[in-house]
Amino acid sequence: MDKETRMMIFCLLLAAISSPVLTGEWKANVVKDLDVLVTSCVVVPCSFTHPKERLPSSRLRGIWHRSTFRDQFIYNEDSTQILENFRGRTRLLGHLGQNNCTLEITKIKDHDNGPFCFRVELARTETDSSTIDKFSFVEDCVAFRMLPDPPKPTLTHPKTAIQGRPYTVTCSVTHTCPSYVPKLTWSPVTEDDVVTEVQKEIRFGYWEAQSILTFTPEEKDDHTEVTCTAEFNGGSTSFTVLNLYVKRTENYNHIIIPTVVAIVTAVIFAVFCIVMVKRYRGRIAELQSGDGSMWNRLSRLSRRTKNVNPKSSADQKLAKVRFPSPKSQPKSCNYQEDLDDGDVYMNTADLNVYGNI
Ligand SMILES: *[C@@H]1O[C@H](CO)[C@@H](O)[C@H](O)[C@H]1NC(C)=O
């Protein structure tokens, strides 16, 4: 009993799966309804199956007609058969040989709401257009909801931008016309900004156009506006504004600057002190130059120091160059003179030379 039931279910399932594949039947897969922007365009996704063997496009004729009046065509290969109102506005995007009956309607008018149904006719041969079979898929028709105004784009982004770090804003808008996608533009936009565009089908018949903007905000960009504008086929536009809040990055300038200033001040002060001490020492020596015995002793002492450390003479010369002082310098020079001949009197001559200059 149990086994029989299971067997029956299995057989039914097998039949259900295999029947459309093996035999084929009149079947259409058409989107039921779509939001359509007036003045813009729409693409109605549609596919179908028929019971005959696979036929080339040339032996298939596709027709779209009003659901209530099957002889009112909105699309026909023979354009003279099309309702005047729709002439030049409809196009089959799909290849019938690939079972694709996708329809495009442009310059949508407020009263184009449908419903519209697809019909397929199978021709006897490529040249003989007499129909051997035809089918109207009146169970699977499309109706439009008319949008008088374009939808506004939506902006997704992190709450705050951080100064100096890349910031990404995504602008997206849904539409039903993938053959003429809405154009998304940013303002303001600079050369450094990176804009990426993405198109994707979000559900049967509905598409999303995305524009992804990446830029590096600066401090001056705080409290400014970024606008994303969507321009739809037919010319209608909509936009959304983003108020930008830029968070300043933490910097240590408030610590670094005073520290640097303090160090520089200390160095300048130290150099000043050293110079002053040298100068002061020079002046003492000058005062003492009258006292021969004292000076000679100092001189000898200095000579000894020179011999031990000849570098200090160079140092003194350096000091002389950087901070010229007519009064003190002769003395430092004098040490050198002393080394040569120990003639103390020469100092005065030196002094005079400097004095004249
Ligand atoms: C039908 O044709 C349209 C337009 O060429 C295409 O975008 C769509 O992907 C096709 N559908 C299928 C199911 O192949």
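Let me start with the ligand, whose surrounding residues are Leu93, Gly94, Asn100 and Thr102, and let me say at once that what we have on the screen is a predicted model. By class, that shell divides into 1 nonpolar residue and 3 polar ones, with no charged residue among them. Two contacts deserve a mention here. In one, an oxygen atom of the ligand sits 2.4 Å from an N or O atom in the side chain of Asn100, and in the other, an oxygen atom of the ligand lies 3.4 Å from a polar backbone atom of Leu93. As for how much of the ligand is covered, on its own the ligand has 360 Å² of accessible area, and the protein covers 35% of that.

I turn next to the second largest pocket, which holds about 300 Å³ of space. It is lined by 16 residues, and those closest to its centre are Thr190, Asp193, Phe215, Thr216 and Asp221. Which elements give two or more residues to this lining? They are strand 17, running over 206-215, and strand 18, running over 225-231, and of these it is strand 17 that provides the largest share, with 3 residues. When the lining is sorted by class, one counts 6 nonpolar, 4 polar and 6 charged residues.

Now to the salt bridges, of which a search of the whole structure finds 10. The one I would like to show you joins the side chains of Asp140 and Lys32, with an N to O distance of 3.8 Å. Asp140 is found in the loop between strand 10 (131-136) and strand 11 (143-147), while Lys32 is found in the loop between strand 1 (27-30) and strand 2 (33-37), and so this pair ties together parts that lie 108 residues apart in sequence.

Finally, a few words on the backbone, beginning with the loop between strand 8 (103-105) and strand 9 (116-123), where Pro115 has its place. The peptide bond leading from Gly114 to Pro115 is cis, with omega near -5 degrees. Lys107 lies in the loop between strand 8 and strand 9 as well, and although Lys107 is not a glycine, it has a positive phi of about 45 degrees. Where, then, is Pro188 placed? Its place is in the loop between strand 15 (183-187) and strand 16 (194-203), and the peptide bond from Ser187 to Pro188 is cis, with omega near -5 degrees.

Definitions and conventions
Residues numbered from 1 in each chain as written. Predicted model: local features only at pLDDT ≥ 70, side-chain atom pairs only at ≥ 80, totals over all residues. Heavy atoms only, no water. Near = heavy atom within 4 Å. Polar contact = N/O pair within 3.5 Å; in protein donor to acceptor, adjacent residues only side chain to side chain. Areas by Shrake-Rupley, 256 points an atom, 1.4 Å probe, with all protein chains shown as cover. Nonpolar A, V, L, I, M, F, W, Y, C, P; charged D, E, K, R; others polar. 1 Å grid on protein atoms, 1.4 Å probe; cavity = no way out; pocket = protein on both sides within 12 Å on 5 of 7 lines; lining within 4 Å. Points joined across faces, edges and corners; volume = space filled by probe spheres on them. Helix = DSSP H or I, 4+ residues; strand = E, 2+ residues; numbered from the N terminus. Salt bridge = Lys/Arg side-chain N within 4 Å of Asp/Glu carboxyl O.
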